[in-house]
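Reader: I am new to this structure and would like to learn how to read it feature by feature. Could you take me through it slowly, giving the idea and then the case?

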Amino acid sequence: MENNRFELNAQLAQMLKGGVIMDVINPEQAKIAEEAGAVAVMALERVPADIRADGGVSRMSDPEMIAEIQAAVSIPVMAKARIGHFVEAQILEALKVDYIDESEVLTPADEENHIDKSKFSVPFVCGARNLGEAARRIAEGSAMIRTKGEAGTGDVVEAVRHMRQMKKDIKELCALDPEEVMPFCRDNGVPYNVALQVRELGRLPVVNFAAGGIATPADAALMMQLGCDGVFVGSGIFKSGDPALRARAIVKATAYYKDATKVMEASKGLGEPMVGINCSGMAEDEKLAKRGW
Amino acid sequence: MATRNRIGVLDLQGGVLEHINHLQALGLNPVRVKEASQFDDLAGLILPGGESTCLIRLLNIFEIAPKLKEAFADGMKIWGTCAGAILLAKNIEGNNSQLGLMDISIARNAFGFQVDSFNAKVKVPKVSNDEIELTFIRAPKIKELGTNVKALLEIDDYVAAAEDENCLATVFHPELTSSLAFHKYFVQKCGVKVSTDSDEHLSRTSWMKLARITNPSK
C-alpha cells in the first residue's frame with residue numbers, strides 16, 4: 001500500500017466524524033439507516049446479539065448479501081472479516097466494500113496474528129481496548145480505530161472502560177521524558193514510531209470511534225463527550241422496538257452530544273431498547289473483547 | 001442587523017475541524033455553526049464534507065435550513081466541499097435537490113468506491129498561481145452548469161470546481177491538504193480580510209490539534 005493510499009483511507013474516516021455507523025442485515029434495514037442519517041452501514045448476516053445467542057463459528061457474511069446492500073444505499077458500506085483471515089479480507093476488497101472491520105465479533109481465524117492491512121488498498125477499522133492494541137493495529141495499516149466495548153450486550157460499560165484506558169495511556173505517554181518513551185513502548189506493546197506520533201498529536205493519529213454496547217442516545221453522547229470521534233451502533237438499533245425512531249435519535253444525540261436539551265429531546269418516547277446483557281455478570285471467556293492480540 | 005464579517009463552518013457532521021484549522025491558519029476566528037441563531041453575523045458559510053444524507057437530515061430536523069436560506073438571501077456566501085456541494089446543487093442525479101441554492105447538476109459518489117479515491121495536483125488559475133493539491137474522496141461530479149455559473153476547474157468529462165456570484169462548489173477537499181489557496185479565495189469572495197498567511201506547516205494531521213485528548217497547552 002502506497003503511503004498516499006493510507007492517507008486517503010484515513011481521510012475517508014475523517015469524513016465520518018460526528019456520525020453514526022449502523023449494523024444492518026438486509027437492504028431494507030440499510031435504507032432505514034441511510035434515511036435516518038447514518039454516515040455508513042456495516043453489512044452483516046447476524047447482529048452481534050444474535051451471534052452471541054446462536055453460538056458456533058461466526059464468519060464473513062455472504063458476498064451476495066453484502067452486494068445487495070451496496071446496491072441499496074449511496075452511503076459507505078463496511079463489512080467484517082475474521083481476525084487474521086486475510087482471504088476473507090481479499091474477498092471483501094474484491095467486492096469493493098468501503099471499509100473492512102477486522103472484528104473480534106467474528107470467530108478469530110488466527111490466534112496470534114492480525115491481517116497485514118498495509119497490503120490492501122481498501123481501508124480497515126480495528127477494535128482496541130487500550131493504546132497498545134490501537135497502536136499495533138495502526139502499525140499493521142489500520143486507518144481507523146474503534147473501542148471494542150462488548151458487542152451484542154447493550155451494556156456500554158466496556159466501551160467506557162476502553163476509552164478511559166485509551167485516554168489514560170495517551171496522557172501518560174505524552175507526559176513522559178523522551179528517554180522514558182522506549183520503556184513505555186516495551187511495557188505497553190506500543191510500536192515506537194506510533195508512540196512518537198501520538199506524543200506529537202496528543203491523540204491517536206487516526207479517527208477513533210466508539211463501539212460495543214451502545215444502545216441509547218445517551219450512550220452515544222457519553223462516548224462522544226469522552227472524546228470519541230463518532231459512534232458504531234450494532235445490535236442497539238435493529239434489536240429495539242422502533243429501529244427507525246431510535247436510529248434518528250442516536251444520530252441527533254451524536255451530532256449535539258454537548259447539548260443536554262437536544263439529547264433529552266432525542267431520548268423521549270423511543271419505545272423498548274434492546275434487551276441487554278449485564279457485562280459484570282459475564283464470565284471472562286464469554287467476552288468478545290478478549291479476542292485480538 | 002449585525003454586520004456580516006465572520007466565516008462559519010456548519011458543524012453537524014463531517015470534516016469540520018479541518019476547515020476550522022485552515023481558517024485559523026489564515027488568522028481568522030471562525031464560528032462552529034450548530035444553531036439556527038448563529039447565521040446573523042456570517043459573511044460566509046462552509047458546508048463541509050461528510051455524508052450529505054446525514055447533513056440534510058440534521059439541517060431539516062433542527063430547522064436550520066430555513067435560517068440558512070434566509071441568511072443566504074441576505075448576502076451570506078456559501079462554499080460547499082464534496083457533500084457540501086451536493087447540498088448546494090439545484091439538481092442531484094437520481095435524488096431530490098436539498099438546499100438547491102446553486103444552479104448546477106451533480107452526480108453523487110460518481111467515481112465509484114473508496115478504492116477509487118485519489119489525489120491530483122493541478123493549476124486553478126483564478127485561485128492560485130501555484131499548483132494546488134486536490135483530494136477526491138468518494139467524490140461527486142458536477143455535470144452541468146447554469147448560465148450564471150462559471151467553471152473554475154474542468155477535468156475530463158466533469159467540472160470539479162465552479163462558482164457563481166454567491167456560491168463556490170468544489171467536489172474535492174482543500175481542507176484535507178496543506179494548501180490554503182481555496183480557503184483564501186473563498187474568504188476574499190466573502191469580503192473578509194485575511195489577516196495572515198500562516199507559515200505554519202499544515203498536514204493531514206493538523207486538525208488533530210483541535211481534537212486532542214491531552215491538554216492542548218502542553
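Author: Let us begin with a loop: Glu63(B) is found in the loop between helix H2 (52-61) and helix H3 (65-73) of chain B. Please keep in mind throughout that this is a predicted model.

Reader: What is the phi of Glu63(B), and is Glu63(B) buried or exposed?

Author: Glu63(B) has a positive phi of about 50°, although it is not a glycine. With a relative accessibility of 60%, Glu63(B) counts as exposed. Asp156(B) can be read in the same way: it lies in the loop between strand E10 (150-155) and strand E11 (158-163) of chain B, and its phi is positive, about 45°, although this residue too is not a glycine. Asp156(B) counts as exposed, at 76% relative accessibility.

Reader: Where does Leu176(A) lie, and is it buried or exposed?

Author: Leu176(A) belongs to the loop between H7 and helix H8 (181-188) of chain A, and because its relative accessibility is 18%, it counts as buried. To see what surrounds such a residue, one looks for contacts beyond its sequence neighbours: leaving aside residues up to four places away in sequence, Leu176(A) touches Val181(A), Phe184(A) and Arg199(A). With Arg199(A) the separation is 23 residues in sequence, while the C-alpha atoms are 9.0 Å apart in space.

Reader: How should I read the sheet of chain A, and what is the order of its strands?

Author: A sheet is read by following its strands from one side to the other, and here the order is E7-E6-E5-E4-E3-E2-E1-E8 in chain A, an open sheet of eight strands with parallel pairing. The edge strands, each of which pairs on one side only, are strand E7 (207-209) and strand E8 (231-233) of chain A. From one strand to the next, the twist averages 30°. Helix H7 (residues 157-175) of chain A packs on this sheet, where it touches E5, strand E6 (144-147) and E7 of chain A, and its direction makes about 125° with that of E6(A).

Reader: How many bridges join strand E4 and strand E5 of chain A?

Author: Strand E4 (residues 99-103) and strand E5 (residues 124-128) of chain A pair in the parallel sense over three bridges. One bridge can be followed residue by residue, for Glu102(A) has Cys126(A) in E5(A) as its bridge partner.

Reader: Since a cysteine has come up, how many disulfides are there over all chains, and why does Cys126(A) not form a bond with the closest cysteine sulfur?

Author: A disulfide requires two cysteine sulfur atoms within 2.5 Å, and by this rule the count over all chains is zero. The sulfur of Cys126(A) has its closest cysteine sulfur in Cys228(A), 16 Å away, and therefore too far for a bond. Cys126(A) is itself buried, with a relative accessible area of 0%. In chain B, the sulfur of Cys190(B) is 10 Å from the closest cysteine sulfur, that of Cys167(B), which is also too far for a bond; Cys190(B) is buried, at 11% relative accessible area.

Reader: In chain B, why can strand E6 be called largely enclosed by the rest of the structure?

Author: One counts its buried residues: five of the six residues of strand E6 (residues 102-107) of chain B are buried, so this strand is largely enclosed by the rest of the structure. Its pairings complete the picture. Strand E5 (residues 89-92) of chain B pairs with E6(B) in the parallel sense over three bridges, and there Asn91(B) stands opposite Ser105(B). E6(B) also pairs with strand E9 (residues 141-145) of chain B, in the antiparallel sense and over four bridges, with Ile104(B) standing opposite Leu145(B) in E9(B).

Reader: Turning to empty space, which residues are closest to the centre of the largest pocket?

Author: They are Met224(A), Cys228(A), Tyr257(A), Leu17(B) and Arg32(B), out of the 31 residues that line this pocket. The largest pocket contains about 620 Å³ of space. Helix H10 (217-225) and helix H12 (243-255) of chain A, together with helix H1 (16-25) of chain B, each supply at least two residues of its lining.

Reader: How many cavities of 30 Å³ or more does the structure hold, and what is the volume of the largest cavity?

Author: There are four cavities of 30 Å³ or more, and the largest cavity has a volume of about 190 Å³. Its lining consists of 23 residues, of which Asp23(A), Ala151(A), Ala211(A), Gly212(A) and Gly234(A) lie nearest its centre. The elements that give two or more residues to the lining of the largest cavity are E4, E8 and helix H11 (235-238) of chain A.

Conventions. Residues are numbered from 1 along each chain as its sequence is written. Chains are lettered from A and ligands numbered from 1 in the order in which they are written. This is a predicted model: local features need pLDDT of at least 70, side-chain atom pairs count only at pLDDT 80 or more; totals for chains, interfaces and linings use all residues. Side-chain values use heavy atoms; hydrogens and water are left out. Buried means under 20% relative accessible area, exposed over 50%, partly exposed in between (1.4 Å probe, protein chains only). Two strands pair if DSSP finds at least two bridges between them. Axes are lines fitted to C-alpha atoms, for helices over the stretch in contact, and angles run from 0 to 180 degrees between N-to-C directions. Contact means heavy atoms within 4.5 Å. On a 1 Å grid over the protein atoms alone, a cavity is a set of points where a 1.4 Å probe fits but cannot get out, and a pocket is an open set with protein on both sides within 12 Å along at least five of seven lines; lining residues have an atom within 4 Å of a point. Grid points are joined across faces, edges and corners, and a volume is the space filled by probe spheres set on the points.
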